[in-house]
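Work through the exercises below with the sequence and the 3D view side by side. Try each task before reading its solution.

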Amino acid sequence: MATGTQGTTARKFHHDLVHYVTKPIAYTTLSYTVGKLPKGAAVIDAGVVVTTPFAGTAAQTLDIGTSADGDGFATALVITSAGLKAADELATSDDLYMSADTDVTATLSAGTAPSAGAGYVFIAYIIANRAA
C-alpha cells in the first residue's frame, strides 16, 4: 500500500530502465536525505530544478552527494534563479558506482537568514550490474 512517505529500502526495478530518486527542498531546511541508491547503481545524472529562487543574506548554494561524500555529485550549485541546475561533478566523480545501498544527500548553504526558495533535487541512475 502506498503511504506517501519515502521508503527506507533502495529501489531496483527488474527491467533495463533509468531509475531516479527525487526530493522536494525548501529554504526552511538545510539538510536532506534525498533517497537510497541500491547496490549496483551507477549515477548518470543529477541536479536540482529550482521552482522558486533561493534568497537570503549569504550565497545560496546546494551540494549533492552521498552520506560519505556530501558534494560527490554537485558542489556549490548556485540556486538564486529558477530553472534546471545540472550537477557539476559527474564527469570527474569517483562516487558514481554504488557498491552497497547508499543514501544520497543534499545540503543547502544559505547563511543565517534564508528567506525564500524551493525546488526538487533529483538523481538518475541505471543498474550497472543487475545481478548485484
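The exercises go from the whole chain to single strands and residues, and the model they treat is a predicted one.

**Exercise 1. Find how many helices and strands the chain holds, and in what order its elements run.**

Step 1. The chain has 0 helices and 8 strands, and read from the N terminus its elements follow the order β-β-β-β-β-β-β-β.

Step 2. Of the 132 residues, 37% count as buried, while the accessible surface of the chain comes to about 6,900 Å², with 56% of that area belonging to carbon and sulfur atoms.

Step 3. Among contacts between residues at least 6 apart in sequence, 76% join residues at least 24 apart.

**Exercise 2. Determine which strands pair with β3 and in which sense.**

Step 1. Strand β3, which covers residues 41-55, pairs with β8 in the antiparallel sense over 11 bridges; within this pairing, A55 has A116 of β8 as its bridge partner.

Step 2. Strand β3 also pairs with β6, again in the antiparallel sense, over 4 bridges, and here V50 stands opposite G83.

**Exercise 3. Decide whether β4 is enclosed or open to the surroundings, and name strands that pair with it.**

Step 1. In β4, 6 of the 6 residues are buried, so the strand is largely enclosed by the rest of the structure.

Step 2. Strand β4 pairs with β5 in the antiparallel sense over 3 bridges, and with β7 in the antiparallel sense over 6 bridges.

Step 3. T61 appears in both pairings, since T61 stands opposite V78 in β5 and has S109 as its bridge partner in β7.

Step 4. G65, a residue of β4, is buried with a relative accessible area of 0%. Beyond its neighbours within four places in sequence, G65 is in contact with G70, D71, G72, F73, D103, V104 and T105. The C-alpha atoms of G65 and A87 are separated by 9.7 Å, although these residues are 22 residues apart along the chain.

Step 5. T66 also lies in β4, whose residues are 61-66, and at 6% relative accessibility T66 counts as buried, because the limit for that class is under 20%. With neighbours within four places set aside, T66 is in contact with F73, T102, D103, V104 and T105.

**Exercise 4. Identify the two side chains that meet in the salt bridge, and explain which parts of the chain they tie together.**

Step 1. The structure holds 1 salt bridge, in which the side chains of D103 and K36 meet at 3.0 Å, N to O.

Step 2. D103 belongs to strand β7 (residues 102-109) and K36 to strand β2 (residues 31-37), so the pair ties together parts that are 67 residues apart in sequence.

Step 3. D103 is partly exposed, with a relative accessible area of 26%, and K36 is likewise partly exposed, with a value of 23%.

**Exercise 5. Find which residues of the largest nonpolar core touch the most other members, and which strand gives the largest share.**

Step 1. In soluble globular proteins, nonpolar side chains tend to be buried together.

Step 2. The largest nonpolar core has 28 residues, of which L37, V48, L62, I64, F73, V121 and I123 touch the most other members.

Step 3. Two or more residues of this core come from each of β1 (19-26), β2, β3, β4, β5 (74-78), β7 and β8. The largest share, 6 residues, is given by β3.

**Exercise 6. Decide whether L84 is buried or exposed, and find which nonpolar residues form a patch on the surface.**

Step 1. L84, placed in strand β6 (residues 83-86), has a relative accessible area of 57% and is therefore exposed, the limit for that class being over 50%.

Step 2. Apart from its neighbours within four places in sequence, L84 is in contact with V48, V49 and F122. L84 and V50 are 34 residues apart in sequence and 6.3 Å apart in space, C-alpha to C-alpha.

Step 3. V18, I44 and I126 form a nonpolar patch on the surface, and together they have about 250 Å² of accessible area. I126, which is found in strand β8 (residues 116-127), counts as partly exposed at 34% relative accessibility.

Technical notes. Residues are numbered from 1 along each chain as its sequence is written. This is a predicted model: local features need pLDDT of at least 70, side-chain atom pairs count only at pLDDT 80 or more; totals for chains, interfaces and linings use all residues. Side-chain values use heavy atoms; hydrogens and water are left out. Buried means under 20% relative accessible area, exposed over 50%, partly exposed in between (1.4 Å probe, protein chains only). Contact means heavy atoms within 4.5 Å. Patches are made of residues with over 30% relative accessible area and no salt bridge: like charges are joined within 9 Å, nonpolar side chains (Val, Leu, Ile, Met, Phe, Trp, Tyr) within 5 Å. Accessible areas come from the Shrake-Rupley method with a 1.4 Å probe; for residues, only the protein chains shown count as cover. A salt bridge is a side-chain nitrogen of Lys or Arg within 4 Å of a carboxyl oxygen of Asp or Glu. Two strands pair if DSSP finds at least two bridges between them. A nonpolar core is a set of buried Ala, Val, Leu, Ile, Met, Phe, Trp, Tyr and Cys residues joined through side-chain atoms within 4.5 Å.
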